[in-house]
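Me: Could you take a close look at one part of this model for me, the open sheet and whatever packs on it? Once that's done, carry on to the odd backbone spots and the other chain.

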Amino acid sequence: MSTVQLSEDVYRELKDKIAKSVIALDELTITVRAEDLREVCLALKNPPFDFDTLIDICGVDYLHYGISEWHTTSATTKGFSRAVSDRIIKSNIWDGPRFAVVYHFLSVTQNHRIRIRVFCEVDDAPQVDSVTDIWPAANWFEREAFDLFGIVFNGHPDLRRILTDYGFIGHPFRKNFPLIGEVEMRYDAAQRRCIYEPVSIQPRTLVPKVIREKNVHAHPLSEGEKSGE
Amino acid sequence: MSELRNYTLNFGPQHPAAHGVLRLIMEVDGEQILRLDPHIGLLHRATEKLAETKPYNQSIGYMDRLDYVSMMCNEHAYVRAIEKLYGVTPPIRAQYIRTMFDEITRIMNHLLWLGAHAIDIGAMTVFLYAFREREDLMDCYEAVSGARMHATYYRPGGVYRDLPDKMPQYEASPYKKSAEIEKMNENRQGSLLDFIEDFTRRFPGLVDEYETLLTDNRIWKQRTVNIGIVSPERALALGFTGPMLRGSGIAWDLRRKQPYAAYDQMDFEIPIGKTGDCYDRYLVRVEELRQSNRIIKQCIDWLRKNPGPVMTDNTKIAPPKRVTMKKDMEAMIHHFKLFTEGYTLPEGEAYAAVEHPKGEFGVYLVSDGANKPYRLKIRAAGFPHLAALDEMCRGHMIADVVAILSSQDIVFGEIDR
């Protein structure tokens, strides 16, 4: 089944639950509201779609989406100095909800894929319904998204941290969590035990994040403008 | 009657059979497993977050370090995601080189798995044999990229460089007789392709050797037959892919079903198991060794006949040739931009998956139009497999946990990321 065909079928079946349906790069992405997620998942799991395998669940934090650290429209005399953190340029600001959960499903029987995106309505307390009872494989993926982003999956049987250390505080993959972390650990000879302290190193940006409007849509060079030869 | 109490047993995180740093909390009733809780994350390096702070090309090296026994397959998924989002197709020769090295990687991975699996169950010899062959394949890695393991060889738009015409040779050493060195250099006289071809000629016989040691071995069968059975329905529900799914009898292989690189030109079979136990998974992987060997042979034939470029000539994404940079200003600028700022990808998202030796290895890339990924999610093949360990082990003996765990082919680099 082609992606277009699949997209039409899914739309026909679940018309009122789909907020948005996009085909890009031959991949079908549908956006559904958080309250419809379970219903949509159940429909996709069963015939005629048969999405029998859950491939992935991925949390996304859109806090810094479209925000670059360096912007040049004309020549400057001042380069990009290391250790920047305050120079933030907003080009196309994200106005949607902050957190999203992205599901990838695969149908082994019919050989097609789909991606579902669900936005969490409340930014301060993101939550989504769990799909562990529909696909048991969701268990650890949801634990991971909870651990790294702090997204709570309602109805998950065992929502514990999975990747971070015992007793870890915070959700490290959120965009406002510093790359180097918030605490560092060392052995203290006087107290004769491991102690945690606030990090002592400054965060640095080696290569600034740049959004190039002109370069964004790249096309392979046509014969006439071939350079480099 | 005396009161009976279940034991809670800790396994790992430092244990030779834990395949890295896995901690298992096992609730046992005598020798029987009642419940099992894997604690993972002891090798978590936040690769995904690190990648968000670096230009795209600088993260290729991190991909090698995910599943550190099948390096190039990880790179393949990552560069495919970038190529998909950017809209660039690598030259056909690069596709064949990637296919060949993916299969070399698969053999390397399965050899390590075979050796480790056997040693976990108590057969020492296979490990030594498997590592002997692995050494040759690592030499191929070294010849082509300069590194024995973490190659960073695949780049968006192709591969870093063409296959070398000369295979590096052993040098004279005070610790080895010259006759010995001559013998070691015997199959290294020609090009890299000659060396790999020699390997593919020898390899089926070597797989027979491993099979002689294991396949009909009574102890091996006692330890693996009917251990950790997963039904096909359950395997799908638990998100299994790769040899784990095929071991349960579902003929699913991305190389065939959703072909990438040059796999649609390749002639190979997909082995499947019947019962879905440890023994079936062993048979599936051993057969994959033979099939990979077949694919490598076909790639060698094609690569010999078809010279050509191995990197796209789109200098917005791939660095220009050194020679052109000396005389062309434009090329110089492209080089400078690529190595300082990198390239920007169009806003959007892409998911690219490859048939990794362990299953489906996918990279989900979200770009906001910058020179760094906005979000990079790595779908590790082993992650859902390990998540199912609890279910697979329930009711089995403690010793079977080790057999089941190693039949899953777990590597913590990719599970913890």
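Reply: Here is the sheet, followed by the unusual backbone angles and then chain B. Keep in mind throughout that this is a predicted model.

Let's start with the strands. In chain A, five of them make an open sheet, and reading across it the order is S1-S2-S7-S6-S3, with mixed pairing. The two edge positions go to strand S1 (18–24) and S3 of chain A; each has a single partner strand, so one side of each has no neighbour in the sheet. From one strand to the next, the twist averages 20°.

Now zoom in on one pair. Strand S2 (residues 27–32) of chain A runs parallel to strand S7 (residues 112–119) of chain A, and four bridges link the two. If you want a spot to click on, A:Thr31 sits opposite A:Arg117 in S7(A).

Next, the helices on the sheet. Helix H1 (residues 3–13) of chain A lies across S1, S2 and S7 of chain A, and its direction is at about 175° to that of S1(A). Helix H3 (residues 138–149) of chain A also packs on the sheet, where it touches S3 and strand S6 (99–107) of chain A. The angle between H3(A) and S3(A) is about 5°.

On to the backbone oddities. As background, most peptide bonds are trans, and most residues other than glycine have a negative phi. Chain A has a cis peptide bond from A:Pro47 to A:Pro48, with omega near 5°. A:Pro48 belongs to the loop between helix H2 (37–45) and strand S3 (53–61) of chain A, and that S3 is one of the edge strands from above.

Also in chain A, A:Arg192 isn't a glycine, yet its phi is positive at about 55°. You'll find A:Arg192 in the loop between strand S10 (183–188) and strand S11 (193–198) of chain A. A:Arg192 has a relative accessible area of 69%, so it counts as exposed, the cut-off being over 50%.

Chain B has a similar entry on the list: B:Asn226, another residue other than glycine, has a positive phi near 60°. B:Asn226 is in the loop between helix H8 (218–224) and helix H9 (232–237) of chain B. With a relative accessibility of 46%, B:Asn226 is classed as partly exposed.

While we're in chain B, have a look at helix H3 (residues 71–86) of chain B. It has 16 residues and reaches 23 Å from its first C-alpha to its last, close to the 22 Å expected at 1.5 Å a residue. H3(B) is mostly covered, with 14 of its 16 residues buried. Just after H3(B) comes B:Gly87, where phi is positive at about 85°.

Finally, chain B as a whole. Its secondary structure amounts to 18 helices and eight strands. The C-alpha trace of chain B spans about 90 × 60 × 45 Å along its principal axes. The radius of gyration of chain B is 23 Å, which agrees with the value near 22 Å for a compact globule of 417 residues. Buried residues account for 60% of those 417 residues. If you take the contacts in chain B between residues at least 6 apart in sequence, 69% of them join residues at least 24 apart. The accessible surface of chain B is about 16,000 Å², and carbon and sulfur atoms contribute 53% of that.

Technical notes: Residues numbered from 1 in each chain as written. Chains lettered and ligands numbered in written order. Predicted model: local features only at pLDDT ≥ 70, side-chain atom pairs only at ≥ 80, totals over all residues. Heavy atoms only, no water. Buried < 20%, exposed > 50% of the residue type's maximum accessible area, 1.4 Å probe, protein only. Pairing = 2+ DSSP bridges. Axes fitted to C-alpha atoms, helices over the stretch in contact; angles between N-to-C directions. Contact = heavy atoms within 4.5 Å. Expected span 1.5 Å × (residues − 1). Rg over C-alpha atoms; globule rule 2.2 N^0.38 Å. Areas by Shrake-Rupley, 256 points an atom, 1.4 Å probe, with all protein chains shown as cover.
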